[in-house]
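Biologist: Let us go through this model step by step. Please keep the answers short.

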Amino acid sequence: QVQVVESGGGLVQAGGSLRLSCAASGRTFSSYAMAWFRQAPGKEREFVAGISAGSTYYTDSVKGRFAISRDNAKNTVYLQMNSLKPEDTAVYSCAARGGILITSPSAYNYWGQGTQVTVSS
């Protein structure tokens, strides 16, 4: 069983930055694909960014603005969000799965509780 806990959300003005953190338990953290998803009110959950052992992947709307990274020594994944826009407002959730990086949320076994990110205009 892997436990996932996010932190770092909050309220920021458009153009600002936030860094989300995702701490996961487990001795095999380095082998997990980790991803960030978000869900805005009235919308479906969408893939934002993911990282596996050797690669990263981003949805088009955040390319060049967001950066995902991981520190395997700390069992932690980060999402640096820059140039934030009001349309980035959502609950951001971190997820983990054994195996390759996949963008579908249904492929992920372990989820955090989510953290709210609100970007004001």
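Modeller: A residue is called buried when its relative accessible area is under 20%. This is a predicted model, so that cut-off is applied to predicted coordinates.

Biologist: What share of the 121 residues of the protein counts as buried?
Modeller: The cut-off is under 20% relative accessible area. Over the 121 residues of the protein, the buried share is 45%.

Biologist: How many helices and how many strands are there in the protein?
Modeller: Read along the sequence, the pattern is β-β-β-β-β-β-β-β-β-β-β. The count is therefore 0 helices and 11 strands.

Biologist: What radius of gyration does the protein have, and how does that fit the globule rule?
Modeller: The C-alpha trace spans about 40 × 30 × 25 Å along its principal axes. For 121 residues the globule rule gives 14 Å. The protein comes close to that, so it is as compact as a globular protein of that length. Its radius of gyration is 13 Å.

Biologist: What fraction of the contacts with a separation of 6 or more comes from residues 24 or more positions apart?
Modeller: Contact here means heavy atoms within 4.5 Å. Among contacts with a separation of 6 or more, residues 24 or more positions apart account for 58%.

Biologist: Which residues touch the most other members of the largest nonpolar core?
Modeller: In soluble globular proteins, nonpolar side chains tend to be buried together. Here the largest nonpolar core holds 30 residues. Strands β3, β4, β5, β7, β8, β9 and β11 each supply at least two of them. The members that touch the most others are M34, W36, L79, M81 and Y92.

Biologist: How many residues make up the second, separate core?
Modeller: Its members include F47, A95, A107 and Y108. Y108 counts as buried because its relative accessible area is 6%. The second core has 6 residues.

Biologist: Which cysteines form the disulfide, and how far apart are their sulfur atoms?
Modeller: A search of the whole structure finds 1 disulfide. C22 sits in strand β3 and C94 in strand β9, 72 residues apart, so the pair links distant parts of the chain. Both C22 and C94 are buried. The disulfide joins C22 and C94, with sulfur atoms 2.0 Å apart.

Biologist: Is the disulfide of C22 and C94 left-handed or right-handed?
Modeller: Handedness follows from the torsion about the S-S bond. For C22 and C94 that torsion is about -80°. The disulfide is therefore left-handed.

Biologist: What kind of aromatic pair do F37 and W111 form?
Modeller: The whole structure holds 6 aromatic pairs. In the pair of F37 and W111, the centres are 5.0 Å apart and the planes meet at 45°. F37 lies in strand β4 and W111 in strand β10, so the pair ties together parts 74 residues apart in sequence. The pair is tilted.

Biologist: F37 or W111: which one is buried, and which is partly exposed?
Modeller: F37 has 0% relative accessibility. W111 has a relative accessible area of 27%. So F37 is buried, and W111 is partly exposed.

Biologist: What geometry do the rings of Y108 and W111 adopt?
Modeller: Their centres lie 6.3 Å apart. The planes are at 70°, and over 60 degrees counts as edge-to-face. The pair of Y108 and W111 is therefore edge-to-face.

Biologist: Which residues form the aromatic cluster?
Modeller: F37 and W111 are a pair, and so are Y108 and W111. These three belong to one cluster, which also takes in F47 and Y57. The members are F37, F47, Y57, Y108 and W111.

Conventions:
Residues are numbered from 1 along each chain as its sequence is written. This is a predicted model: local features need pLDDT of at least 70, side-chain atom pairs count only at pLDDT 80 or more; totals for chains, interfaces and linings use all residues. Side-chain values use heavy atoms; hydrogens and water are left out. A nonpolar core is a set of buried Ala, Val, Leu, Ile, Met, Phe, Trp, Tyr and Cys residues joined through side-chain atoms within 4.5 Å. Buried means under 20% relative accessible area, exposed over 50%, partly exposed in between (1.4 Å probe, protein chains only). Helices (H or I, at least four residues) and strands (E, at least two) are DSSP runs, numbered from the N terminus. A disulfide is a pair of cysteine sulfur atoms within 2.5 Å. The radius of gyration is taken over C-alpha atoms; the globule rule is 2.2 Å times the number of residues to the power 0.38. Rings of Phe, Tyr and Trp (its six-membered ring) pair if their centres lie within 6.5 Å; planes under 30 degrees apart count as stacked, over 60 as edge-to-face and the rest as tilted.
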